[in-house]
Every structure is written in C-alpha cells, then in structure tokens.
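Here are my notes on the model, set out as numbered points. Please read them with the coordinates open.

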Amino acid sequence: MSRLTLLTLQILVAVVVIGLWQVLTSVPIFGTVLLPPFFFSRPLDVALRIVKWFADGTIWVHLWITLTESVLAFVIGSLGGGLVGFWFARKPLIAAVFDPYVKMINALPRVVLAPIFALWLGLGIWSKVALGVTLVFFVVFFNVYQGVKEVSPTVLANGRMLGMSERQLMRHVYWPSALSWMFSSLHTSVGFAVVGAVVGEYLGSAAGLGYLIQQAEGVFDVAGVFAGMVVLAAFVIVIDMLVSMVERRLLVWRPMAHDAHG
Amino acid sequence: MQQAATGADAAASPCAVHLADLTIAFRLADRSTFTAVRDASLSVADGEFVAIVGPTGCGKSTLLNAAAGLLVPATGTVEIFGAPLVGLNRTAGYLFQADALFPWKTSLENVAIGLEVAGTPRQEARDEAAAWLRRVGLGSFGDRYPHMLSGGQRKRVGLAQVLIRHPKILLMDEPFGPLDAQTRQIMGNLLLELWSADRKGVMFVTHDLEEAIALADRVVIMSAGPAARIIGDWTIPLARPREVAEIKLDKAFHDLHREIWAMLRDEVMKGYVQTGGLG
Ligand SMILES: Nc1ncnc2c1ncn2[C@@H]1O[C@H](COP(=O)(O)OP(=O)(O)O)[C@@H](O)[C@H]1O
Ligand SMILES: [Mg+2]
C-alpha cells in the first residue's frame, strides 16, 4: 500500500467517525436524536470550543502547567530510577534486601497515592510531579537494572582484556548498556509522566489539562470535556514525536528493523 | 605489563605462555562438577605461532581463557614470560570467538578505546586508531557502528582493537570461524602480514586443520572432551612468508595434512558421538 493510499484511508476513518457523530447528534432518525447532544455534544461544538480556547489564549496556561509537571516528573523520575537501578544492579546484596519492597510499591496502583501527595505537597504542581515520578521511576529503574544485568559477558571480558578498570567498565560498558535500555523505554516513561500530571490535576488542582477536563465535567459541559481530551491527545502526540526524534539521535548505533530497506 | 617482562629476564628464554598440567572444571547447576580440561600442558615461545585444533566442545576456548586469566584452573600453573599469572593477563590481547566489539562505539572509537583507557590523549589515540583501521583495510569505515559492518569487517575491527595496544601475546579464538572461505583466506593473509611485521607469541584456536597448518609454526591437537588433553604436537616447517591460498597446493602441506588428519579424525568422531553431534 502506498503512503498516499494509507493516508487517505486514515483520514477516511476520521471523517466517517466524526461525520456519524455529527449526524447522530443533530439529525432525528425515526423522530428521535439517537445521541442526545447534552451527553454527547457535537463535533462542531467541540471544534468551536477548541478554537475559542486558542483564540482567547486561555488554553496556554493549562498546557504550560501540564508540560512543566510532565517534564519535571520525567526528569526527576528518570534520574532517580536510573541511579537506583544502576546501584542495585551493581550491588546484588542491596537489591536482594529491597526486592520485596520494590515489588510491593510497584504493585500499588499509583492513583491511591494522589490524595497523600496532595496532603503533603498541596494542590500546586509538586503533588502532580510526585505522582508522575512514582510512575516514571519504576519504568526507568527496571530498565536500567536490566540493562546493567544483561551486558554481554563477552563484551565485558573484552573491556577487561583491553585494560579497563572497574570505573572505566562503568563508563564504557555498563552505562551505555543501561542507557540503551532506558532509551528504549522512553515512550513509556514519557507517557507515564503525562499520565501522572493529568491524573493528579484531575483529582485536585487549579490549572492544567486535567483540571480543564474536570471543571467542564463538573458543570456537565460535555463539549468542554471532549475539547480537553482532543487537546490532551494532540499534546501527547507532539511529545511522542519529539521523543522519537531524540531516540533516533541517541540510538544511532542500534540496528533498526528497517535498516536493510534503507 | 612491565612486571611480567622483568620477571621473565631471570629465566633463560622464557616461554610467552607456559601452561603446565592444567585441569579446569566447571560447577554445574546441579552442583556436580564438569572437568573440561585435564592435565593439559602447552608452551608457546615468544614470537611463535601455535594453532590449537580440536573437535568442538573439547575445551579450546577454556584453555585460552585460562591463558588470559579469565578462568582460574583447578590445578596446574599458568606462566606468562616465566612469571606465574595472577589475575588478568595484561600482556595479552584477546580476539574473542563471539562478537565483542562495543556496539555503542564506532569502529574508530572501538579501536581507540584500548589506548584511551591507558591514558593516551584522545586525539592521539584516535589518530593511531585511524592508522590501524587503514592497516586492516577499513580506512573509510571509521564512523560506522558495528551493526553496519559485515562479519569480516567486524573481525578486522576486532583485530585492530587488540593489536593497537601492542600485546606481547595474542590469543585468538576461532577468529575467522563464521566467515566464508574467501574472506577467511584474506583474513589469514592479513593476520600473517601483521604478525610478521611484529612477531609475538600467538595461540590461535581453530577447528579448521587446513587453516591451522597454513598459518602456524606448530599445530597442537586436543582430544575430545570431557577431560580433554593435548594429544599431538606437530612442527610445521613450511617456509615463510606464506600465502594462505597457495600454500594449500604445496606437496609438503598435503603430507602434513594427511598425517595430522589421521589422528584428528578419530578425535572428531569421538567428540561427535559424545556431544550427540550437536557441536
Ligand atoms: N561456564 C561453563 N559452565 C559449564 N560448562 C562449560 C562452561 N563453559 C564451557 N563448558 C563446557 O566445557 C567444554 C569446553 O568448552 P569450550 O572450551 O567452549 O569448547 P571449545 O573447544 O568448543 O571452545 C564444553 O563441553 C562446554 O560445554
Ligand atoms: Mg570455543
């Protein structure tokens, strides 16, 4: 299938879904409107709402807050997870001691922590950052841990035979391997950072995309809820594209499935 | 590096590698032990090229690992230039059987790293590495990552990576094993060319008897495992310099091959039966 056909079909899906939505919410069929606009809104209303948000500029502050929270959660969670993962992998004794606790905390649905963080850190951005950190931390932690553990024994022996000291092995062998695992989970951890921020906002805050959706929901403004979701989805897609770009740059050394085709 | 050399001065003409009555055992998961090599003895003189041939799984890699200091033998001694080996063998360069290049470094960085970790300034190390890449015929491949190279090219980078440190002993574990016949010949000639320019003691493991005879000063045969020993030791008096493809047409080569193969064949059959033919 050529790219053009694919794109056409993809657009067609959106047109059909949105068209159906518009028709079913506005044209009576056998005397009744199947999807009452009060509960389902209308695509046109949603679009107008989004345009309005951008036109009067009220959306920017929310986008900015969510972005800030996501970035902070990602950076702090990655640093923490990376360092602890690396440390545990190099010190099996410590890893063994903490193993049940790590499993326990990781098994906990993180949403239940949101009220605690709100209590400890207030309703500002930091309670959301904390929620995101608990999500990002474990993804990065497990991947870095794995990356250090999975270093090829031959590559390691080669490093030793080439005269590397323990510290040089860290720098030239363990770290790159751990980082490559971490980068391969970049999409997941960035996604979790956003989830943490938005869920946190939804559960209690004064700004952000999650707050926007929650507010609209509170007054049964369904168009507002859908508009918020669309903006959120676009926000995540843009971030994901940025991550893909970063990934391509950082992992140039890795064979890609499509290498052979150029 | 220096220590081993100084210790060596005491002995008359110490061997580069001297393995005496090595027994090497592995502990298996069920807590039993598996004796891979028993009472193996082998000496490699400085500047001598020794090929070790044996059926797969007999313990060739194990023997090299002992000489490299990566494995500690259960009994027996490893002496390097007359001094007992403690820890890693710092005088040796090791070309591994499996892929051992750092996948996250370019060819140039892979070759330079041995100098960089020894404290050579980065630029100097890179210049030297570029010269070595040219020497192994990969002058224009410096910025490629290992996965962008063919199997033969990766082995060339590996060779440069090891030789740039000027090791006094070269340990090579089936270095050309996965390559096609053509490439093996080219690599064999390249190796001989580099080695004659700077002769060091070489332990060259291969399962290919022809390759062993074509390259080496001595061919050593290992018995099938477990508890493999060294069961044959032939001097190869073929003149140097050699051309790997041409020397195989030589009558002397054929006579040697026939003689050694007669012994090796029995061991290969034994090894085949013992490993269930899984090699
Ligand atoms: N780490 C290990 N644990 C247990 N057995 C091993 C280990 N390494 C090698 N062996 C066994 O020792 C024997 C010799 O192995 P190796 O030296 O790799 O053979 P080869 O001659 O093919 O290089 C084989 O039977 C192999 O199964
Ligand atoms: Mg082997």
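**Notes on the sites, the voids and two buried residues**

1. Status. This is a predicted model. Every value below is computed from that model.

2. Magnesium site. Which protein atoms act as donors to the magnesium ion (ligand 2)? They are OG of S61(B) and OE1 of Q97(B). Both lie 2.0 to 2.5 Å from the ion. S61(B) sits in helix α2 (residues 60–68) of chain B. Q97(B) sits in the loop between β6 (92–95) and α3 (107–116) of chain B. The pair therefore ties together parts that are 36 residues apart in sequence.

3. Exposure of the two donors. S61(B) has a relative accessible area of 24% and is partly exposed. Q97(B) is also partly exposed, with a relative accessibility of 39%. The class applies because each value falls between the cut-offs of 20% and 50%.

4. Surroundings of ligand 1. The residues around ligand 1 include F26(B), L28(B), F34(B) and A36(B). A run from T56(B) through G57(B), C58(B), G59(B), K60(B) and S61(B) to T62(B) completes the list. S61(B) thus appears in two places: it surrounds ligand 1, and it is a donor of the magnesium ion.

5. Polar contacts of ligand 1. Please check three distances to oxygen atoms of this ligand. A polar side-chain atom of T62(B) is 2.5 Å from one. For G59(B), a backbone N or O atom lies at 3.0 Å. For C58(B), a polar backbone atom lies at 3.3 Å.

6. Largest pocket. Its space is about 230 Å³. It is lined by 15 residues, and the closest to its centre are V71(A), F74(A), V190(A), I239(A) and V243(A). Three helices of chain A, α4 (58–90), α10 (186–203) and α12 (222–250), each supply at least two lining residues. What is the class make-up of this lining? There are 14 nonpolar residues, one polar residue and no charged residues.

7. Cavity. How many cavities of 30 Å³ or more does a search of the whole structure find? It finds one. The volume of the largest cavity is about 110 Å³. Two elements of chain B, β6 and α5 (151–163), give two or more residues each to its lining. The most comes from α5(B), with four residues.

8. Cavity lining. Chain A is represented by N158(A). From chain B come Y94(B), L95(B), F96(B), A98(B), D99(B), A100(B) and L101(B). R154(B), K155(B), G158(B) and Q161(B) are also in the lining. By class, six residues are nonpolar, three are polar and three are charged. The largest pocket, by contrast, has no charged residues in its lining.

9. N89(B). Is this residue buried or exposed? N89(B) is buried, at 3% relative accessibility. That class follows because the value is under 20%. N89(B) is placed in the loop between β5 (83–84) and β6 of chain B. A polar atom of its side chain lies 2.9 Å from the backbone oxygen of A67(B).

10. V151(A). This residue lies in the loop between α7 (125–149) and α8 (153–161) of chain A. V151(A) is buried, with a relative accessible area of 10%. How far is V151(A) from V111(A)? The two are 40 residues apart in sequence and 35 Å apart in space, C-alpha to C-alpha.

Methods
Residues are numbered from 1 along each chain as its sequence is written. Chains are lettered from A and ligands numbered from 1 in the order in which they are written. This is a predicted model: local features need pLDDT of at least 70, side-chain atom pairs count only at pLDDT 80 or more; totals for chains, interfaces and linings use all residues. Side-chain values use heavy atoms; hydrogens and water are left out. Donors are N, O and S atoms within 2.8 Å of the metal (3.2 Å for Na, K and Ca); water is not among the atoms, so sites may look incomplete. Buried means under 20% relative accessible area, exposed over 50%, partly exposed in between (1.4 Å probe, protein chains only). On a 1 Å grid over the protein atoms alone, a cavity is a set of points where a 1.4 Å probe fits but cannot get out, and a pocket is an open set with protein on both sides within 12 Å along at least five of seven lines; lining residues have an atom within 4 Å of a point. Grid points are joined across faces, edges and corners, and a volume is the space filled by probe spheres set on the points. Ala, Val, Leu, Ile, Met, Phe, Trp, Tyr, Cys and Pro count as nonpolar, Asp, Glu, Lys and Arg as charged, and the others, Gly among them, as polar. A residue is near a molecule or strand if one of its heavy atoms lies within 4 Å of it. A polar contact is a pair of N or O atoms within 3.5 Å; within protein, one must be able to donate a hydrogen and the other to accept it, and residues adjacent in sequence count only if both atoms are side-chain atoms.
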